[in-house]
Amino acid sequence: MALEVDERNLKQGLLGLVVALVEIIQDLVERQAIRRIEGGRLDEDEIERLGKALIDLDEAIEKIKQDNDLEDVVNSVISSLDDVADDLLNKFFNPESWAEEVEEK
Amino acid sequence: MKPERDYGLVDILDRLLNKGAILNADLIITVAGIPLIGLSLKAALASIETMLDYGMLEAWDRETRVWYKRQLVESAPHLAEGEVVHYKTFGYIWYSEGLISSWRPGFWYVTNVRIFLWRREPEEALFEVLLEKIGSIEAGSEIDFGKEREELDMEVEGRIARIRSSDVLEFEEAIRKALTSQDIAQSQSGRIQG
Amino acid sequence: MSETAKEGRYIYSVVSSGPESDLGDVGIEENRVRLVPFGDIAAVVHSCLAEPYVTKDDERAKEWVLEHSYVIDLATERFGTVLPFSFDVIFIGDDEAVRDWLEENYDLLKGELERVKGEAEYTVQIFCDEEKLTEKIVTADSELQRLRDGIENMPKGTAYLYQKKLDLKIKDGLLEETARLAKELGAKIDELADEVKIEKKVSWVPDKYKEKMMIAAFSCLMRHDGVEAFGDLLEEIDKEDEYSVRFSGPWAPFSFVQLKGTRR
């Protein structure tokens with residue numbers, strides 16, 4: 001399966017990768033923020049400021065995706081990473097299936 | 001809840017292309033085991049091609065042979081009383097109308113009355129001209145898609161009909177012969193009348 | 001095109017042999033489909049060139065596939081147990097070659113035929129309406145409900161964070177719910193089916209399921225008499241508003257036939 005690499009899709013590919021990673025980090029930061037709220041370590045003002053900053057980040061990411069037509073690329077990167085993660089976790093919890101796979105090959 | 005068998009082609013496609021038994025490579029010719037690439041039928045079918053051009057040529061080849069066979073099975077066009085066919089050949093005429101331009105195929109008939117291009121199916125005279133209306137004819141070659149092709153240009157009432165056939169020079173000869181015989185016939189009838 | 005095209009046999013399936021030896025001109029490209037028997041088993045084939053059937057013509061390819069499928073259905077009707085082959089498997093050689101292969105692998109083939117006798121393949125896909133399921137989860141949990149109601153009155157930044165919290169909690173709830181369903185189903189399937197194969201990737205779903213989330217997809221090899229009870233179980237799930245079940249079959253055992261390791 002040959003992949004045609006031209007200037008446009010190289011840029012998309014690289015940019016898509018970067019944006020996908022940023023989205024993952026965004027997700028992690030948001031989860032962190034929630035944990036801090038639950039832990040009572042932030043006051044009302046801090047929560048509001050943090051929330052607003054994250055909204056800005058989210059909007060910026062959306063704009064970059066739209067301007068560069070990256071929606072599909074980013075989704076596919078994230079879903080591939082999900083698959084890899086699933087696969088690894090699966091092997092971790094189910095070593096027999098890993099052995100089976102090796103045998104098949 | 002009862003199981004259904006009605007989900008159509010893609011379910012069947014999925015089973016036949018991705019599942020089912022296969023054999024060792026040395027026993028068989030197979031293209032099985034290639035995963036479905038995409039969701040559309042086109043993509044699914046693309047996965048079973050090993051030789052792209054092979055498939056293309058085969059289909060075209062078969063289609064063309066069928067067409068020719070039908071064309072060659074004789075069924076003559078309608079001729080007028082006293083009309084005699086002098087020459088017949090397979091050929092094309094250039095057709096250009098608005099957005100459509102192409103070479104239309106058919107059989108050229110040169111008779112003692114007219115020249116016409118006849119298509120058998122559906123039956124249609126694609127072009128027709130009485131001998132007396134023909135102005136001039138000129139055979140030459142044209143470069144078309146990198147290939148040199150012989151062409152006959154026929155002038156009829158100020159317009160040029162572009163014609164191709166298997167042997168353009170022979171065709172030209174046939175037309176000229178028909179025209180001269182007509183001249184003879186006309187002058188003869190002229191003498192008789194006059 | 002090949003100069004000396006060799007002879008081949010397009011193989012549709014291996015069956016437990018019956019009295020008929022000819023199925024008629026029902027094969028791909030209207031070829032005559034016949035049996036090449038060996039003892040009490042037989043291969044269902046048509047004679048052709050040792051070249052694969054390939055085409056770029058969608059219509060034609062569709063016809064081929066349907067014709068192959070039809071032959072398998074016909075064979076199932078006549079002979080009961082069928083080991084279905086993939087599309088376009090063409091044996092190099094003539095009837096003798098096929099017979100030799102049947103002989104050499106008789107034990108394996110006979111064994112497979114016995115294994116799938118009286119059984120058929122059924123495919124199940126379970127979809128959920130995410131919105132409806134979410135609603136179910138939230139209304140069942142007072143904390144989540146309070147959270148959802150509270151968000152409406154919060155300032156922008158705070159609302160964003162609490163919404164994210166709600167989303168995460170709902171996600172957990174969805175996983176819990178589907179795990180519960182899987183456990184319930186799993187136990188019952190173990191009872192009724194002889195084999196189960198999980199489908200990692202499903203290539204296509206009908207339009208009415210396109211917007212839904214697929215939470216389970218598997219094929220099972222089941223005896224004919226187990227189908228009703230299985231159907232009842234699936235009905236229970238399908239009845240619930242949040243779930244839709246797609247149940248298809250009977251199919252010949254495409255997903256369960258194992259012929260790897262045939263000799264030669």
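Student: Where in chain C is confidence lowest, and where is it highest?

Tutor: The low end is strand S2 (residues 22–24) of chain C, with a mean of 81, and the high end is strand S5 (residues 82–84) of chain C, at 95. Those are pLDDT values, the predictor's per-residue confidence on a scale from 0 to 100. Helices here are DSSP runs of H or I with at least four residues, strands are runs of E with at least two, and both are numbered from the N terminus.

Student: Any ground rules before we go on?

Tutor: Residues count from 1 along each chain as its sequence is written, while chains are lettered from A and ligands numbered from 1 in the order in which they are written. This is a predicted model, where local features need pLDDT of at least 70, side-chain atom pairs need 80 or more, and totals for chains, interfaces and linings use all residues, with side-chain values taken from heavy atoms, leaving out hydrogens and water.

Student: What are the model's ipTM and pTM?

Tutor: ipTM is 0.75 and pTM is 0.59. For chain C the mean pLDDT is 86, with 92% of its residues at 70 or more.

Student: And what about chain B, what's its mean pLDDT?

Tutor: Chain B has a mean of 69, and 58% of its residues reach 70 or more. Residues 67–74 of chain B fall below 50, though that stretch has eleven contacts in the model beyond near neighbours in sequence. Residues 190–194 of chain B are also below 50, and there the count is one contact. Contact means heavy atoms within 4.5 Å.

Student: Back to chain C. How many helices and strands?

Tutor: Seven helices and ten strands. Chain C has 264 residues, 50% of them buried; buried is under 20% relative accessible area, exposed is over 50%, and partly exposed lies in between, using a 1.4 Å probe and protein chains only. Of the chain C contacts with a separation of 6 or more, 76% come from residues 24 or more positions apart.

Student: What does chain A look like in helices and strands?

Tutor: Four helices and zero strands, so to speak α-α-α-α from the N terminus on. Of its 105 residues, 21% are buried. Among contacts in chain A at least 6 apart in sequence, 73% join residues at least 24 apart.

Student: How do strands S7 and S9 of chain C run?

Tutor: Antiparallel: S7 (residues 119–128) of chain C and S9 (residues 213–223) of chain C are joined by ten bridges. DSSP has to find at least two bridges for strands to count as paired. Cys128(C) sits opposite Met213(C) in S9(C). S9(C) also pairs with strand S8 (residues 193–198) of chain C, again antiparallel, over five bridges, and there Ala193(C) faces Met222(C) in S9(C).

Student: How many aromatic pairs over all chains?

Tutor: There are 14. One is Tyr10(C) with Tyr53(C), edge-to-face at 5.8 Å centre to centre with 80° between the planes. Rings of Phe, Tyr and Trp (its six-membered ring) pair when their centres lie within 6.5 Å; planes under 30 degrees apart are stacked, over 60 edge-to-face, and the rest tilted.

Student: Which parts does the pair of Tyr10(C) and Tyr53(C) tie together?

Tutor: Tyr10(C) is in strand S1 (residues 7–16) of chain C and Tyr53(C) is in the loop between strand S4 (41–49) and helix H1 (58–79) of chain C, so the pair ties together parts 43 residues apart in sequence. Tyr10(C) and Tyr53(C) are both buried.

Student: Why is the pair of Tyr10(C) and Phe87(C) edge-to-face?

Tutor: Because the ring centres of Tyr10(C) and Phe87(C) are 6.4 Å apart and the planes are at 70°. Phe87(C) is in the loop between S5 and strand S6 (89–92) of chain C, so its pair with Tyr10(C) in strand S1 ties together parts 77 residues apart in sequence. Tyr10(C), Tyr12(C), Tyr53(C), Trp64(C) and Phe87(C) make up one aromatic cluster.

Student: Last one: is Val82(C) buried or exposed?

Tutor: Buried, because its relative accessibility is 4%. Val82(C) lies in strand S5 of chain C. Its C-alpha is 4.8 Å from that of Val15(C), 67 residues away along the chain. Setting aside neighbours within four places in sequence, Val82(C) has contacts including Val15(C), Ile72(C), Leu113(C) and Pro253(C).
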